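Welcome! Take a moment to turn the structure around on your screen, and then we will walk through some of its details together.

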Amino acid sequence: MSKKIARERRLGIMGGTFDPIHYGHLVAAEGARYSFNLEKVFFIPAGNPPHKPGHIVCEPSIRYKMTCLAVASNPFFCSSPMEVERPGPSFTIDTVRTMMHLHPEKRIYFITGADAILEIFSWKDSDILLSMCNFVAATRPGYCLKELNEKLDSFPNSFKQNISYMEVPALAISSTDIRQRVREGKPIKYLLPETVEDYILRNNLYR
Ligand code: ATP
Ligand code: MG
């Protein structure tokens, strides 16, 4: 009788406001997919993020549309409107619960920037969240792993064991910078997929 070793099956979630989505997000998600053997990465734009009141420019349906355009060329990527369609503030724990319900046999890996990982402790039910799924923290420019590890040292081990780090090519790209560039009439080419750039320009977003 052949023995089969059960291999953990994993799905990634890339959360964000994606206002707009850019190559920093895409490179981080692809790096995590490869390094952590994720079968698929779901890009889930936040509908109404509790952390960013007043900072969101585009409405959820538009950010979701741009996310769909951006992930279309990668067969391992897809986007989900679950947060955009859910009324009330978008809490990560609700999204992870929904994903676990929809994919009960898969382990969930939540991909986030290293800057965002330190904020996790202020998220709703962060202790439960950290016991439910794994976190992959992508380093972005200006973030030193050593410094991050030192900061995390003060947190209990039970919190830390599900957090992994991943170095991604230093991409100094942010949505804030892209929005500002559009306002100032500066180029945004090569900072984000061409389909998203076209969508922004055609619909006069961020003017
Ligand atoms: P904003 O400037 O509006 O805050 P942002 O560029 O940080 O936007 P978000 O939608 O806030 O984009 O980010 C979603 C997730 O992607 C967060 O976890 C964030 O840390 C991460 N992220 C953003 N930019 C990069 C980047 N250049 N490289 C790696 N990760 C990134
Ligand atoms: Mg951000």
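Let us begin with the ligand. In this predicted model, 20 residues surround ligand 1, and those that come nearest are His22, Gly113, Asp115, Ser175 and Thr176. The table lists three polar contacts that ligand 1 makes through an oxygen atom.

| Residue | Part of the residue | Distance to an oxygen atom of ligand 1 |
|---|---|---|
| His22 | polar side-chain atom | 2.8 Å |
| Gly113 | polar backbone atom | 2.7 Å |
| Arg179 | N or O atom in the side chain | 3.2 Å |

How much of ligand 1 does the protein bury? Taken alone, ligand 1 exposes 600 Å², and the protein buries 89% of that. Several elements give two or more residues to the shell around ligand 1: E1, H1, strand E4 (106-113), helix H5 (114-117) and H9. Sorted by character, the shell holds five nonpolar, eleven polar and four charged residues.

Next, have a look at Ser80. You will find Ser80 in the loop between strand E3 (77-79) and helix H3 (82-85). Is Ser80 buried or exposed? Its relative accessible area is 9%, and because buried means under 20%, Ser80 counts as buried. Leaving aside residues up to four places away in sequence, Ser80 touches Phe42, Phe43, Ile44, Pro45 and Tyr64. The side chain of Ser80 also reaches the backbone nitrogen of Met82, at 3.1 Å.

Now for some details of the backbone. Pro20 sits in the loop between strand E1 (9-16) and helix H1 (23-35). The peptide bond that leads from Asp19 to Pro20 is cis, with omega near 5°.

Two other loop residues are worth a visit for their phi angles. Asn37 lies in the loop between H1 and strand E2 (40-45). Its phi is near 55°, a positive value in a residue other than glycine. With a relative accessibility of 47%, Asn37 is partly exposed, because that class lies between the limits of 20% and 50%.

Tyr190 belongs to the loop between helix H9 (175-184) and helix H10 (194-202). Tyr190 is not a glycine either, yet its phi is positive, at about 70°. Is Tyr190 buried or exposed? The relative accessibility of Tyr190 is 66%, and since exposed means over 50%, Tyr190 counts as exposed.

To look back once more: Ser80 is buried, Asn37 is partly exposed and Tyr190 is exposed. Try finding each of these residues in the structure yourself!

Note on methods: Residues are numbered from 1 along each chain as its sequence is written. Chains are lettered from A and ligands numbered from 1 in the order in which they are written. This is a predicted model: local features need pLDDT of at least 70, side-chain atom pairs count only at pLDDT 80 or more; totals for chains, interfaces and linings use all residues. Side-chain values use heavy atoms; hydrogens and water are left out. Helices (H or I, at least four residues) and strands (E, at least two) are DSSP runs, numbered from the N terminus. Buried means under 20% relative accessible area, exposed over 50%, partly exposed in between (1.4 Å probe, protein chains only). A polar contact is a pair of N or O atoms within 3.5 Å; within protein, one must be able to donate a hydrogen and the other to accept it, and residues adjacent in sequence count only if both atoms are side-chain atoms. Contact means heavy atoms within 4.5 Å. A residue is near a molecule or strand if one of its heavy atoms lies within 4 Å of it. Accessible areas come from the Shrake-Rupley method with a 1.4 Å probe; for residues, only the protein chains shown count as cover. Ala, Val, Leu, Ile, Met, Phe, Trp, Tyr, Cys and Pro count as nonpolar, Asp, Glu, Lys and Arg as charged, and the others, Gly among them, as polar.
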